[in-house]
Amino acid sequence: MQKAFCFLTMSACFFACQRQQASDEVLAQIQAALERIENGTYGRCVVDSEPIEPARLEAVPWAPYCARHQREAEARAGVRTPRA
Ligand SMILES: [Zn+2]
């Protein structure tokens, strides 16, 4: 039931986001999450396959990373010019 619920939530969000022209990044994340539901890896971090915290999935159903790797991804995104 949880999986079906998430799938419906994300499908609805995917189409809503498309209409509202959400960022390509969000659309790509939602699409990737839908693919993870299909191949059975939904709810696990794409980096280390650790379970993603339920609170994170509730807030962001298409979250691809556990909290640790989310922080690392954000750190990488924030450092675009590592050298002076
Ligand atoms: Zn992880």
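What share of the contacts with a separation of 6 or more in the protein comes from residues 24 or more positions apart? The figure is 33%. What you're looking at is a predicted model, with 4 helices and 0 strands. Follow the chain along and the pattern reads α-α-α-α.

**The core**
- Of the 84 residues in the protein, 11% are buried.
- The largest nonpolar core is made of 9 residues. Its members are Met10, Ile30, Ala33, Tyr42, Ile52, Trp62, Ala63, Tyr65 and Cys66.
- That fits a general habit: in soluble globular proteins, nonpolar side chains tend to be buried together.
- Ile52 is a handy core residue to click on. Leaving out residues up to four places away in sequence, Ile52 touches Gly43, Arg44, Cys45, Leu57, Ala63 and Cys66. Two of those partners, Ala63 and Cys66, are listed in the core as well.

**Helix H2 and what comes after**
- H2 covers residues 24–39. It has 16 residues and reaches 23 Å from its first C-alpha to its last, close to the 22 Å expected at 1.5 Å a residue.
- Right after H2 comes Gly40, with a positive phi near 85 degrees.
- Further on, Ser49 sits in the loop that runs between H2 and helix H3 (54–59).
- Ser49 also has a positive phi, near 65 degrees, and this time the residue isn't a glycine.
- Is Ser49 buried or exposed? It's exposed, because just 9 other C-beta atoms lie within 10 Å, and 12 or fewer counts as exposed.

**Helix H4**
- H4 takes in residues 67–78, which makes 12 residues. From its first C-alpha to its last it reaches 16 Å, close to the 16 Å expected at 1.5 Å a residue.
- The number of buried residues among the 12 of H4 is 0, so this helix lies largely in the open.
- His69 is one of the residues in H4. With 17 other C-beta atoms within 10 Å, His69 is partly exposed, because that count falls between the cut-offs of 12 or fewer for exposed and 20 or more for buried.
- Which residues does His69 touch, not counting residues up to four places away in sequence? They are Cys45, Val47 and Asp48.
- Val46 is 23 residues from His69 along the chain, and the C-alpha atoms of the two are separated by 9.0 Å.
- Cys45 turns up twice in this briefing, as a contact of His69 and as a contact of Ile52.

Key: Residues are numbered from 1 along each chain as its sequence is written. This is a predicted model: local features need pLDDT of at least 70, side-chain atom pairs count only at pLDDT 80 or more; totals for chains, interfaces and linings use all residues. A nonpolar core is a set of buried Ala, Val, Leu, Ile, Met, Phe, Trp, Tyr and Cys residues joined through C-beta atoms within 7 Å. Two residues are in contact if their C-beta atoms, placed from the backbone, lie within 7 Å. Helices (H or I, at least four residues) and strands (E, at least two) are DSSP runs, numbered from the N terminus. The expected span of a helix is 1.5 Å times one less than its number of residues.
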